[in-house]
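Reader: I am in my first year and would like a close look at one part of this structure. Please take a single residue, say how it sits, and work outwards from there.

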Amino acid sequence: MSWKTAVVIPILKPGKNSALAESYRPISLLPVLSKLAEVILARLNDHLERENILIPEQHGFRPRLSTSHQLLRVVEFIKEGNNKDECTAAVFLDIQKVFNRVWHTGLLFKLITYKIPPPLIFLINCYISDRSFTVKINRNFSQLKKIKAGVAQGSILAPTLFNLYVNDIIKNTNTITCMYADDTAILSRHRNLDTLVENINEHLAHLETWFFVWKIALNSSKTEVVFFSKRKPPLKLLYKIKEYPGLNTPSILVSSLIKTSLSDNT
């Protein structure tokens with residue numbers, strides 16, 4: 001159907017090679033009829049707020065929450081550690097092609113698990129399924145291609161659906177999780193550096209399984225580890241997240257070795 005077809009316009013990223021497909025940022029233009037998603041979003045948000053379904057660690061695309069609130073949470077955690085003479089390790093994870101990798105069957109399963117009203121689940125399933133796209137370059141259009149995964153980019157409904165998809169992310173008692181949509185930070189602090197690294201590694205090991213089960217890939221080039229401390233900790237290598245194929249993209253790997261950098265002071 002025409003209201004489920006997106007027109008994708010590739011925009012060249014600054015300083016990138018124009019001969020490579022990955023150098024372009026795809027911008028999806030949705031039909032006016034897609035504005036019907038606003039009705040679904042209003043009802044969905046009312047239910048999420050009323051039932052308090054979204055985890056407090058997620059601050060992305062939520063009322064009365066912002067990047068500033070999440071940043072203050074991170075800064076306060078690091079400062080409290082400094083006051084106790086503790087070191088803090090932070091792993092900053094970035095999910096690759098975030099809105100393109102939402103597994104439809106997995107999303108619907110989670111909506112049922114969260115006890116979203118069946119009529120809303122039916123509407124959401126109708127909205128995300130049987131979608132297609134065409135690429136427009138100048139005045140030329142490509143052939144229509146089916147979209148087998150993901151939520152409609154450019155839709156106001158997409159961020160909320162993504163938040164629900166990652167709402168059951170694995171958490172750990174020895175770490176804190178800070179999220180703004182797909183940007184995720186895992187932090188831990190301790191006086192003993194070996195214990196600190198062990199805490200981070202344990203959480204990453206659990207996350208590795210979770211990423212694999214729900215067909216989520218990480219952007220290894222944007223995944224970093226930073227130590228915050230008044231004293232210089234020794235350089236340590238953290239847990240290697242295994243390389244798994246991405247959803248419908250066998251050539252994309254979840255992550256390579258996480259890089260480690262040092263900081264003298266916060």
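Author: Lys4 counts as buried, because its relative accessibility is 3% and the cut-off for buried is under 20%. The model is a predicted one, and every value here is computed from it. Lys4 belongs to the segment before strand S1. Leaving out residues up to four places away in sequence, Lys4 touches Cys126, Tyr127, Ser129, Asp130, Arg131 and Ser132. Another residue to look at is Pro31, which is 27 residues from Lys4 in sequence, with 7.6 Å between the two C-alpha atoms.

The segment that holds Lys4 leads to S1, and S1 (residues 5-12) pairs with strand S4 (residues 132-137) in the parallel sense, over 4 bridges. Within this pairing Ala6 is opposite Phe133 of S4. Ser132, one of the contacts of Lys4, is also a contact of a second lysine, Lys146.

Is Lys146 buried or exposed? Lys146 has a relative accessibility of 59% and therefore counts as exposed, since the cut-off for exposed is over 50%. Lys146 is part of strand S6 (residues 145-146). With neighbours within four places in sequence set aside, its contacts are Arg131, Ser132 and Phe133. From Lys146 to Ser132 the C-alpha distance is 4.3 Å, although 14 residues separate them in sequence. The strands fit this picture: S4 and S6 run antiparallel and are joined by 2 bridges. Phe133 has Lys145 as its bridge partner in S6, while in S1 it stands opposite Ala6.

S4 has a further partner, strand S5 (residues 140-141), and this pair is antiparallel with 2 bridges. Here Ile137 is opposite Asn140. S4 and S5 make a hairpin that leaves 2 residues between the strands, and Asn138 in its turn has a positive phi of about 60°. A positive phi of about 60° also belongs to Lys115, just after helix H3.

That brings us to the helices. In H3 (104-113), the buried residues are His104, Gly106, Leu107, Leu108, Lys110 and Leu111. Helices H4, H5 and H6 are among the elements that cover them. One general point helps in reading such a list: an α-helix has 3.6 residues a turn, so residues three or four places apart point the same way. Against H5, the H3 residues Gly106, Leu107, Lys110 and Leu111 meet Leu161, Leu164 and Tyr165. Sorted by class, this contact has 5 nonpolar, 1 polar and 1 charged residues. The axes of H3 and H5 are 9 Å apart and make an angle of about 75°, so the two helices are roughly perpendicular.

Which residues touch the most other members of the largest nonpolar core? They are Leu44 and Ile116, in a core of 51 residues. Elements that each supply at least two of its residues are helix H1 (37-51), strand S3, H3, H4 (118-128), H5 (158-165), H6 (193-213) and strand S9. H6 gives the largest share, 8 residues. Apart from residues up to four places away in sequence, Leu44 touches Ile116, Leu120, Ile124, Leu157, Thr160, Leu161 and Leu164. Of these, Leu161 and Leu164 are also among the H5 residues that H3 meets. A second core is separate and has 10 residues, including Ile78, Ile176, Val226 and Phe228.

S3, a contributor to the largest core, covers residues 87-94, and 7 of its 8 residues are buried, so the strand is largely enclosed by the rest of the structure. S3 pairs with strand S8 (residues 183-190) in the antiparallel sense over 8 bridges, and Asp94 has Asp183 as its bridge partner there. S3 also pairs with S9 (residues 224-228), again antiparallel, over 5 bridges. In that pairing Ala89 is opposite Phe227.

Finally, the whole chain. It holds 6 helices and 12 strands. Of its 266 residues, 46% are buried, and Lys4 is counted as buried too. Among contacts between residues at least 6 apart in sequence, 72% join residues at least 24 apart.

Definitions and conventions. Residues are numbered from 1 along each chain as its sequence is written. This is a predicted model: local features need pLDDT of at least 70, side-chain atom pairs count only at pLDDT 80 or more; totals for chains, interfaces and linings use all residues. Side-chain values use heavy atoms; hydrogens and water are left out. Buried means under 20% relative accessible area, exposed over 50%, partly exposed in between (1.4 Å probe, protein chains only). Two strands pair if DSSP finds at least two bridges between them. A nonpolar core is a set of buried Ala, Val, Leu, Ile, Met, Phe, Trp, Tyr and Cys residues joined through side-chain atoms within 4.5 Å. Contact means heavy atoms within 4.5 Å. Axes are lines fitted to C-alpha atoms, for helices over the stretch in contact, and angles run from 0 to 180 degrees between N-to-C directions. Angles under 35 degrees count as roughly parallel, over 145 as roughly antiparallel, 65 to 115 as roughly perpendicular and the rest as oblique. Ala, Val, Leu, Ile, Met, Phe, Trp, Tyr, Cys and Pro count as nonpolar, Asp, Glu, Lys and Arg as charged, and the others, Gly among them, as polar.
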